[in-house]
Amino acid sequence: MKLVYGRLSAVYGSPTYATHRRESPHFPMKSDQDLYKQLRDLPKEELWAREVPRFDAAQARERLERVAVIRAVGMIFSRFGTDEEQAVVRAWLINLLKDPQEKIRRYALAALPKIGAGEVGEREILALLKTRNKDKEGRETRYLGRALEKVGGEATLALIEEGIELPAMTVQKVKAGVSRREDAGGVLLDALLPLRHGDADMRVLLRCRRGLEDFVRDEAAEKLSTMQWMIESTKPGCVTLKPLKEFKLASLYQLRCFATVAFPLGTVSGEEGPKWVEPLARCIASERARDLMLSGTENAPRYRLEFAGGGHQRGAIRQVIDRAYALCPEILNDARKAPWSIDVMAANRGESSVELRPRLYPDPRLGYRQDDIAAASHPPLAACMASLAGFCDDEVIWDPFCGSGLELIERGRLGGVTAVHGTDLDPKAIEVARANFEAAKIEGMETEITSSFTECDFRDAPITPGSISLIITNPPLGRRVRIKDMQGLFADLYAAASRALRPGGRLVLVNPLRTEPQDPTLHREYQQTVDLGGFNCRLEMYRKVGAGKLGKSFKTSLKGQAEKKKQATSKLKFKNEPDEKKAPAPAPAWWSKGGHSNSRETRRRARI
Ligand SMILES: C[S@@+](CC[C@H](N)C(=O)[O-])C[C@H]1O[C@@H](n2cnc3c(N)ncnc32)[C@H](O)[C@@H]1O
């Protein structure tokens, strides 16, 4: 057998893999596990060129003692092997399925799915199953079932239909796997989801980040038909709707402020464990879950089970899945690419709520997303910010920290926008924002929208003072993007906003600090604490107050500010900002010239 060595240097250069040679064990091992731990650290050539021939040539007893070689080969080549190497390893493992020793066959059965069994491997496993099926309760039959759960395809399904006996879990997984491979299918947004006669308890939960629920409720009230939906309650992180008649998921996905949709199925109480098996299985197999999944899925309905609290008992989960399948064999459990999720979420007083959630990846609301950046905003948060900013004609927007451009796009979608400007230090972010914005195909009022995306520090942004009607931004929050001086950054942001905004213009931002602008021209109109995934920030809106509209105290303090400015040179200066003392009005920056020209030349230059 010839092993083709591929890009080994790449493998050995990988920090996850041992690069140095270790002594191969030549002494008797305490257990298979000990030997496995030593072998898995060997370079793959050594494992293949030395350990495998030694295993192949050994007498029956030594082969049993060194059976861990099979496990180590399966693990290492599944992770680090090239396609050619895996093909050779696969052939070796398939050959081991014919070994006279049961333990060796069992190890090969466990290793084969990691590498991928292929049609030949599946056939050999089935051949073994036919000879072993007399011993239905035996250990090898269990291993055969587990291997088929992962690799079973059409051939296995045909045998199941002929009546070969396999554990219920194996049957379910094979059916789900075949359905997934044929056509992964997905949730049907346009299917009418039935409201079973008498199911007056059916509810739909629109879940969101805590603090954003009022936006979700208001958007639902504005866009959903009152003939079809009743808004029942608004609680932190959740708006509950009652459907009044059958509905389509598409009607919910026209809303942009919620994060996920879920259908409550019931509750389980007490500690997670065997006591949950029956009630949880009954929720999964309930008429409501069945109706929703059967009507709302393109292919065979498949679900994955998710526990919001994390840790769960494997044994109990297998029992839940088996029991749910016994109650409703039309719905299949499948952890991979399942269109639905059954979520078990901690609720009140020792109860957990069981909910059915469509898994829509990518989210149909984000069809414009060409690419992403690590620090991207949570899209529903961007939609809530746009909603907070509200609609205003002839809107000229600037996002000083535009990242992938979500806030600009969400506000753009609401209409009335003439020009958008994004700045960001990161060149990749600028590229992504530009691509996303173009893909979003946002329509302007009468003319096309002018857009510019500039790689620069926001302090150097090419923005004409007083030209912007809305600054909407999710600044670095000091977590994913580290910032040395957050206080300084926010002070500069407020100063930049005060200069860039027209009188009446708004600044909508996420604020991780408890500081407010010192500048009296920025007047706070809104503040709400929002959970941004484990830490709280404030969603805020300020309005630029024109000098004429400032109260006496504002005017006085403005005067004070002007005095101070004379003494200290501000750190912050826009490129086009005029010297305050010099009389002539500034020429507008090239991108804002002539009230946002729509000429091809302007647009070409705008994409710097
Ligand atoms: C939270 S992310 C913005 C995410 C963005 N709203 C989106 O939709 O993807 C903050 C962004 O600020 C940028 N940034 C950090 N410091 C900056 C600075 N001084 N000037 C301009 N951009 C900056 C980072 O590169 C990052 O892309």
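This tour moves from the ligand site to two helix pairs and then to two loops. The model is a predicted one, and residues are numbered from 1 along each chain as its sequence is written.

**The ligand and its shell**

Begin by selecting the ligand together with the 22 residues around it, among which Ser377, Ser404, Glu407, Asp424 and Phe458 come nearest. If you colour this shell by residue class, you will find 12 nonpolar residues, five polar ones and five charged ones.

Next, display the side chain of Ser377, where a polar atom lies 2.7 Å from a nitrogen atom of the ligand. Then turn to Asp424, which places a polar side-chain atom 2.6 Å from an oxygen atom of the ligand. For Phe458, show the backbone as well, since the atom to look for there is a backbone N or O, 3.1 Å from a nitrogen atom of the ligand. With these contacts on screen, add a surface: of the 600 Å² of accessible area that the ligand has on its own, the protein covers 95%.

**Two helix pairs**

Now select helix α7, residues 102-115, and helix α9, residues 139-151, whose axes come within 9 Å of each other and cross at roughly 15 degrees. Because angles under 35 degrees count as roughly parallel, α7 is described as roughly parallel to α9. The crossing of this pair, α7 and α9, is left-handed.

Move on to helix α3, residues 44-57, and helix α5, residues 68-80, which pack with their axes 11 Å apart and at an angle of about 150 degrees. How are α3 and α5 oriented to each other, roughly parallel or roughly antiparallel? They are roughly antiparallel, since angles over 145 degrees are classed in that way. The crossing of α3 and α5 is, in its turn, left-handed.

**Two loops with backbone features**

For the last two stops, a reminder is useful: most residues other than glycine have a negative phi, and most peptide bonds are trans.

Select Tyr361 and Pro362 and display the backbone between them, where the peptide bond is cis, with omega at about -5 degrees. Pro362 belongs to the loop that runs between strand β10, residues 351-358, and helix α17, residues 379-389.

Finally, centre the view on Lys337, which is not a glycine and yet has a positive phi of about 50 degrees. Lys337 sits in the loop between strand β8, residues 332-333, and strand β9, residues 340-346.

How values were computed: This is a predicted model: local features need pLDDT of at least 70, side-chain atom pairs count only at pLDDT 80 or more; totals for chains, interfaces and linings use all residues. Side-chain values use heavy atoms; hydrogens and water are left out. A residue is near a molecule or strand if one of its heavy atoms lies within 4 Å of it. A polar contact is a pair of N or O atoms within 3.5 Å; within protein, one must be able to donate a hydrogen and the other to accept it, and residues adjacent in sequence count only if both atoms are side-chain atoms. Accessible areas come from the Shrake-Rupley method with a 1.4 Å probe; for residues, only the protein chains shown count as cover. Ala, Val, Leu, Ile, Met, Phe, Trp, Tyr, Cys and Pro count as nonpolar, Asp, Glu, Lys and Arg as charged, and the others, Gly among them, as polar. Axes are lines fitted to C-alpha atoms, for helices over the stretch in contact, and angles run from 0 to 180 degrees between N-to-C directions. Helices (H or I, at least four residues) and strands (E, at least two) are DSSP runs, numbered from the N terminus. Angles under 35 degrees count as roughly parallel, over 145 as roughly antiparallel, 65 to 115 as roughly perpendicular and the rest as oblique. A crossing is left-handed if the near helix is turned anticlockwise from the far one by less than a right angle, and right-handed if clockwise.
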